[in-house]
Every structure is written in structure tokens, then in C-alpha cells.
Amino acid sequence: MRFDVITLFPDFFTSPLESGLLGKALAKQIAQVNLVNPRDFAMDKHRRVDDEPYGGGAGMLLKPEPIFTAVESLPILPRREVILMSPQGQPLNQPLLQELASNYDQLILICGHYEGVDERVVEHLVTREVSLGDFVLTCGEIPALAIINGVVRLLPGTVGKAESLKAESFEDGLLDYPQYTRPAVFRGWEVPEVLRSGNHQEIDRWRKQQQIQRTKERRPDLWKRWIETHQANVDS
């Protein structure tokens with residue numbers, strides 16, 4: 001998997017890309033991250049990448065020329081997606097990460113700034129817009145890093161035990177179950193007895209019940225969707 005990140009602040013990615021599982025995956029060449037600064041493709045001597053919006057209004061917009069030229073300088077892999085980090089985009093969730101990890105060889109991530117980008121970038125270059133949620137950040141580097149992290153961890157070889165990816169929040173449409181480790185008693189708080197029983201059938205049943213209970217209480221939206229999906233499967 002190749003990631004090409006169009007960013008005004010390449011240094012933003014230095015530490016995260018060298019840390020933890022993500023850093024190990026990149027070192028093993030499970031994925032490759034290429035950072036491209038659009039200032040290197042600016043058309044004037046001042047390397048200007050932003051300008052005032054036509055029609056007036058507050059703030060500045062990223063100009064189209066540096067972004068287009070930066071993207072056009074990249075190699076083209078057969079299965080690629082050009083993604084703009086934008087509050088107007090589709091919400092980032094686990095199914096989207098799975099789609100990106102499974103269906104693409106190259107993800108080009110355009111990090112917006114200021115008041116956004118010239119609309120011609122959206123209309124004629126971008127193939128998908130993605131948002132972290134209904135809020136606004138100072139830069140597109142944060143959601144871009146979230147996509148890189150979320151996709152790379154799904155690639156074969158990143159996580160030691162592949163089965164651990166199947167039993168976590170959102171994989172089955174439910175939140176994760178509570179987990180405990182030693183000591184069995186900490187400050188008087190005990191690990192649930194069923195987890196110490198050795199009865200794996202009962203443990204699995206308890207965990208599923210906990211997932212359902214947590215999702216109903218904490219994310220009624222997910223619970224409603226889960227019920228609708230499973231009812232549809234039963235009806236079909």
C-alpha cells in the first residue's frame with residue numbers, strides 16, 4: 001500500500017510515522033508513506049499556495065495549481081483513490097477503513113488548510129472526501145494520519161495476531177467488550193468471575209452480552225443499525 005500525502009507541514013508526520021505498530025509496519029515495508037509539499041509546486045517566486053476567495057469572505061483558500069501539479073507528479077498505481085480531508089466528506093468509520101485497505105493500492109491524501117481548497121480541486125481531482133466527524137480542525141493532517149493508521153493496521157503483517165482484529169469495537173457493528181488483566185483484585189475491585197472460570201463458552205457468551213449492553217447504552221445509533229442489519233439477515 002502506498003500513501004501519498006499532500007501537506008504543507010510534512011514535519012507533522014515525522015514522529016507518528018516512526019512510532020509504535022505504524023512505525024514497525026513502515027519499516028517492514030508493509031506500506032509506504034510519501035510526503036509531498038505543494039509549496040514545491042507553487043507558480044510564483046514566493047511559493048504562494050493560498051489566495052483570497054472570489055466574491056469576498058473571511059479567510060484564504062488553497063490555490064488549485066500547486067495541488068494539481070503535486071498530484072500529477074506522482075506515479076499512478078492501478079487502484080488509487082484521491083481523498084480530500086474535509087468536514088463535508090463522508091464520516092470515517094471502520095467499514096470505510098476496511099474498504100480502503102482491501103480495494104486500493106494507492107491512497108493520495110490531500111490535507112486542507114485555512115478555509116479549504118478551490119472547488120475545482122474537489123470537482124476535477126478528488127475522488128472522495130472524508131471527515132472525522134461533525135467538527136472542524138485546524139488542519140487536514142490529523143484526519144490524514146487517522147486514515148493512514150487505521151488502514152495500515154488492517155494490512156497483513158501489521159498486527160501480530162490477525163484474529164485480534166476480528167474481536168474489537170465496530171468489527172461486528174458493536175462496541176468492544178470490557179477486558180481485564182492481572183491482578184485479579186485491585187483496590188478491592190475484582191475481575192468478573194466468569195473470565196477466571198476457564199469456561200470459554202461462557203466467556204464468549206458473557207462478552208457478547210457485554211457488547212450488546214454497552215452498545216445499547218453508549219451508542220444507540222450503532223445499536224439501531226445493528227438490530228436493523230441482523231433483522232434484515234434473518235428476513236432474507
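In which loop is the place of arginine 187? Arginine 187 is found in the loop between S8 and strand S9 (189–190) of this predicted model. Its phi is positive, about 55°, although the residue is not a glycine. With a relative accessibility of 69%, arginine 187 counts as exposed, because the exposed class begins over 50%.

A second arginine may be read alongside it. Arginine 47 lies in the loop between S2 and strand S3 (50–51). Its phi is near 55°, again a positive value in a residue other than glycine. The relative accessibility of arginine 47 is 39%, so this residue counts as partly exposed.

From these loops the reader may turn to the sheet. Its 5 strands follow the order S2-S1-S6-S5-S7, with parallel pairing, and the sheet is open. S2 and strand S7 (128–131) stand at the edges and have a single partner strand each, so one side of each lacks a neighbour in the sheet. On average, neighbouring strands of this sheet are turned by 30° against each other, direction ignored.

Strand S1 comprises residues 2–6, and 5 of its 5 residues are buried. Arg2, Asp4 and Ile6 point one way from this strand, while Phe3 and Val5 point the other way; all are buried. S1 is paired in the parallel sense with strand S2 (residues 32–36) over 5 bridges. Within that pairing, glutamine 32 in S2 is the bridge partner of arginine 2. S1 also pairs in the parallel sense with strand S6 (residues 106–110), over 5 bridges. Here aspartate 4 stands opposite isoleucine 108 of S6.

The connection from S1 to S2 can now be followed. S1, helix H1 (residues 20–27) and S2 together make a β-α-β unit, and this unit is right-handed.

Further along the sheet, S6 meets strand S5 (residues 80–91), and these two strands pair in the parallel sense over 5 bridges. Isoleucine 83 stands opposite leucine 109 in S6. Helix H5 (residues 141–152) packs on the sheet and touches S1, S2, S5, S6 and S7. The direction of H5 makes about 160° with that of S6.

H5 itself is mostly covered, with 9 of its 12 residues buried. Among the buried residues of H5 are Pro143, Ala144, Leu145, Ile147 and Ile148; Glu141 and Gly150 are also buried, as are Val151 and Val152. The length of H5 can be checked against its residue count: at 1.5 Å a residue, its 12 residues should span 16 Å, and the end C-alpha atoms are 16 Å apart, which agrees.

Another helix with contacts to the strands is H2 (residues 64–72), in which Pro64, Pro66, Ile67, Phe68, Ala70 and Val71 are buried. The buried residues of H2 pack against S1, S2, S5 and S6, and also against strand S4 (61–62) and helix H4 (119–124). Serine 73 lies in the loop between H2 and S5. At 41% relative accessibility, serine 73 counts as partly exposed. Serine 73 and valine 36 are 37 residues apart in sequence, and their C-alpha atoms are 9.6 Å apart in space.

After H5, the chain holds a cis peptide bond. What is the omega of the cis peptide bond that joins arginine 182 and proline 183? The omega of this bond is about 10°. Proline 183 lies in the loop between H5 and strand S8 (185–186).

Helix H6 (residues 200–218) remains to be considered. At 1.5 Å a residue, its 19 residues should span 27 Å; the end C-alpha atoms are 26 Å apart, which agrees. The buried residues of H6 are Ile203, Trp206, Gln210, Gln211 and Thr215. Why do the buried residues of H6 line one face of the helix? Seen down the axis of H6, they fall within an arc of 160°, so they line one face. The general geometry of a helix gives the background: an α-helix has 3.6 residues a turn, so residues three or four places apart point the same way.

Notes:
Residues numbered from 1 in each chain as written. Predicted model: local features only at pLDDT ≥ 70, side-chain atom pairs only at ≥ 80, totals over all residues. Heavy atoms only, no water. Buried < 20%, exposed > 50% of the residue type's maximum accessible area, 1.4 Å probe, protein only. Helix = DSSP H or I, 4+ residues; strand = E, 2+ residues; numbered from the N terminus. Pairing = 2+ DSSP bridges. Right-handed = clockwise from strand over helix to strand, strands pointing away. Axes fitted to C-alpha atoms, helices over the stretch in contact; angles between N-to-C directions. Contact = heavy atoms within 4.5 Å. Expected span 1.5 Å × (residues − 1). Arc of directions from axis to C-beta.
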